[in-house]
Amino acid sequence: MPSTAPDDTRRILDLVASGRARSRSQLADQLGVAASTVGLRVQALLDSGMLTEAGEGTSRGGRRPRILRVADDGGIVLTADLGGGHARIGRHGLSGAIQRVETIPIDLTEGPEATLAAVADAMERMVTGSAVRAIGIGLPGPVHVETGSVDQPSRMPGWSGFRVGEHLSSRFGGTKVAVDNDANLAALGEHGAQFGTTGHSITVKAGTAIGSGIVVDGVVHRGASGAAGDITHTRIDGSGDVPCSCGNTGCLETVASGASLVRQMRERGVEGITGVDQVLALARDADPVATTLVRTAGTHLGQALSGVVNFFNPHAVFLTGSMSASEPFLAAVRSRVYEACHPLATQRLRIEAAGTGPDAIILGAARLALGELEVPTP
């Protein structure tokens, strides 16, 4: 059954932007709808300035097709990846490709209005006369996607229930704002770069904290209450009784996150450790205490992932965040997953550091925003 007109039009923009279709006939083949329908949708996008025609293609027996591409001046997408102490602000074309990135200092503990004012100011500096078509925001806490609000965050005082999407939309003249958890967006960004709209993957963001997202055929799988993929609070056997922010003890985050490594180094009498980057630097220099802790953290993460891999059978597990750059950590994750999983589940499995690096979240935010882009209909 054909999709609705707005969905068709968004899909046309995505197919042209990704290069999977370059003409009206190719779009009709991909969408499975009549050529006349595609023609109307394409004309609406041409009239809006989002698409443009760029020469003629090769004839397949009839008139040579007009080549379509996303217009360079058809508008932009703005994104933001909010962390505890800084935010990365991105400007993207309508293909989702990054045009510019700026990093600004923020403090989430100042509350949503002060933080988002700084984010919006940075975004406005990037507009430079272009039409803002959509905005995507990544937040380091649980997000209620339908309302664009933070849902019971553990490290964001004053943010619970605050409607981030509505707040930013009012600042930008009613522009649609898509909001999601940063781990989901990292998963969407990396998966899009690796597989496009096919395949299944898990992306784990391992830094000061741990988060993860699941993508199925190019779409984030959120589950019934938005908690799908959250392995952060998986109980790890033999992990002790360190209390977790969720109220339980022995969760993965208490033994495998960057914050837990800092705590464990201090407990072992190593002074002057204030951040996970210092622990990772010591591990690179073959410090035995740091190396052991980093490898153990990787083993714990691999243990938590093994059940997910057996159940979900993904094509790939991608690791992003500061800890993904540590080879001892990555090797320990791989070793434990391959040891604990059924051979069929790992037969074609890739376990590797994310290729998009620190850009994964803003790339995912752009893809999410483009998926909800307000498009013209004939």
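## K176 and its partner

K176 is partly exposed, with a relative accessible area of 34%; on this scale, buried means under 20%, exposed over 50% and partly exposed in between, using a 1.4 Å probe and protein chains only. Its partner E372 is also partly exposed, at 28%. The two side chains meet in a salt bridge with an N to O distance of 3.6 Å, where the term asks for a side-chain nitrogen of Lys or Arg within 4 Å of a carboxyl oxygen of Asp or Glu. This pair joins distant parts of the chain, 196 residues apart: K176 sits in the loop between α5 and β9 (177-181), and E372 in the segment after α13 (360-371). Helices (H or I, at least four residues) and strands (E, at least two) are DSSP runs, numbered from the N terminus.

A word on the model itself: it is predicted, with local features needing pLDDT of at least 70 and side-chain atom pairs counting only at pLDDT 80 or more, while totals for chains, interfaces and linings use all residues. Residues are numbered from 1 along each chain as its sequence is written, and side-chain values use heavy atoms, with hydrogens and water left out.

## Other salt bridges

How many salt bridges does the structure hold? There are 17. One of them pairs R171 with D121, whose closest N and O atoms are 2.5 Å apart. Here too distant parts of the chain are linked, with R171 in helix α5 (residues 164-171) and D121 in helix α4 (residues 112-127), 50 residues apart. R171 is partly exposed at 34%, and D121 is partly exposed at 36%.

R336 and E339 form a salt bridge inside helix α11 (residues 327-340). They are 3 residues apart, about one turn of the helix, and the N to O distance is 3.2 Å. R336 is partly exposed at 21%, whereas E339 counts as exposed at 58%. R11, D14 and R20, in turn, are linked in a network of salt bridges.

## The second largest pocket

D14 turns up again here: along with T197, R367, L370 and G371, it is among the residues closest to the centre of the second largest pocket. The pocket has a volume of about 820 Å³ and is lined by 31 residues. On a 1 Å grid over the protein atoms alone, a pocket is an open set of points where a 1.4 Å probe fits, with protein on both sides within 12 Å along at least five of seven lines, and lining residues have an atom within 4 Å of a point. Grid points are joined across faces, edges and corners, and the volume is the space filled by probe spheres set on the points.

Which element gives the most to this lining? That is α1, with 7 residues; α1 (5-18), α6 (182-195), β12 and α13 each supply at least two. By type, the lining divides into 13 nonpolar, 9 polar and 9 charged residues. Ala, Val, Leu, Ile, Met, Phe, Trp, Tyr, Cys and Pro count as nonpolar, Asp, Glu, Lys and Arg as charged, and the others, Gly among them, as polar.

## Two buried residues

T232 lies in the loop between β12 (219-220) and α7 (252-256) and counts as buried at 4% relative accessibility. Leaving aside neighbours within four places in sequence, T232 is in contact (heavy atoms within 4.5 Å) with I210, G211, C251, L252 and E253.

S149, in strand β8 (residues 149-150), is buried too, at 7%. With the same neighbours left aside, its contacts include P142, H144, F162 and R163.
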